[in-house]
Amino acid sequence: MNRIFTTLLMAVGITVPFVTHIAAQEHTAVADIPFAFVVSHTTLPAGQYKVSQLTMGSPVFLLADDQRHATMLQLGNLEQGAPDKPTVTFVCYGKECVLAKITPPGTATAYALSKSAIEKNLTHKLGMAALVSVNVPIR
């Protein structure tokens with residue numbers, strides 16, 4: 001019995017990293033963001049970012065570029081999204097932009113931050129806000 005249990009644990013231990021890696025690839029898209037933006041109180045520079053959803057249907061995302069800028073975030077509010085139009089949306093006050101919503105490819109669900117969470121990420125308000133969406137090409 002112990003031998004079977006040990007064999008089962010070893011099999012799971014060997015296959016989980018591969019399955020996780022494959023699943024992460026299926027839920028990854030690349031967004032070319034032309035401006036610096038704030039996410040989780042961290043300012044990230046303009047550039048090309050891999051947007052990875054932890055698992056399909058999960059509100060947890062990883063944003064990472066090739067220069068070691070990365071952040072993991074959880075977006076709690078569910079909204080209607082367009083499965084054929086994956087986007088990363090920002091709320092911009094003047095030149096200060098904050099990540100507000102991610103619509104991953106292949107899903108009709110968009111994951112968003114609440115208005116209060118967006119405002120907490122801003123250092124100051126400059127009046128009117130604009131929504132800016134960056135299309136994420138499906139590859």
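**Exercise 1.** In this predicted model, which holds 4 aromatic pairs, classify the ring pair of F37 and Y49.

Solution.
- A pair of aromatic rings is described by the distance of the centres and the angle of the planes.
- For F37 and Y49, the ring centres lie 5.3 Å apart, and the cut-off for a pair is within 6.5 Å.
- The planes meet at 75°, and an angle over 60 degrees counts as edge-to-face.
- The pair of F37 and Y49 is therefore edge-to-face.

**Exercise 2.** Place F37 and Y49 in the chain, and decide whether each is buried or exposed.

Solution.
- F37 belongs to strand β2 (residues 37–39) and Y49 to strand β4 (residues 47–53).
- The two residues are 12 apart, and their pair links distant parts of the chain.
- Buried requires under 20% relative accessible area.
- F37 has 1% relative accessibility, so F37 is buried.
- Y49 has a relative accessible area of 0%, so Y49 is buried.
- Ring pairs also join F37 and Y49 with F35 and F90 in a cluster.

**Exercise 3.** Find the strands that pair with β10 and the residues that stand opposite Y111.

Solution.
- Strand β7 (residues 77–80) runs antiparallel to β10 (residues 109–112), with 4 bridges between them.
- Within this pairing, L78 has Y111 as its bridge partner.
- Strand β9 (residues 96–103) is also antiparallel to β10, over 2 bridges.
- Here I102 is opposite Y111.
- The hairpin of β9 and β10 has 5 residues between the strands, and G106 has a positive phi near 80°.

**Exercise 4.** State how confident the prediction is, and where pLDDT falls below 50.

Solution.
- The mean pLDDT is 75, with 73% of residues at 70 or more.
- Residues 5–25 have pLDDT below 50, and this stretch makes 0 contacts beyond near neighbours in sequence.

Methods:
Residues are numbered from 1 along each chain as its sequence is written. This is a predicted model: local features need pLDDT of at least 70, side-chain atom pairs count only at pLDDT 80 or more; totals for chains, interfaces and linings use all residues. Side-chain values use heavy atoms; hydrogens and water are left out. pLDDT is the predictor's confidence in each residue, from 0 to 100. Contact means heavy atoms within 4.5 Å. Two strands pair if DSSP finds at least two bridges between them. Rings of Phe, Tyr and Trp (its six-membered ring) pair if their centres lie within 6.5 Å; planes under 30 degrees apart count as stacked, over 60 as edge-to-face and the rest as tilted. Buried means under 20% relative accessible area, exposed over 50%, partly exposed in between (1.4 Å probe, protein chains only).
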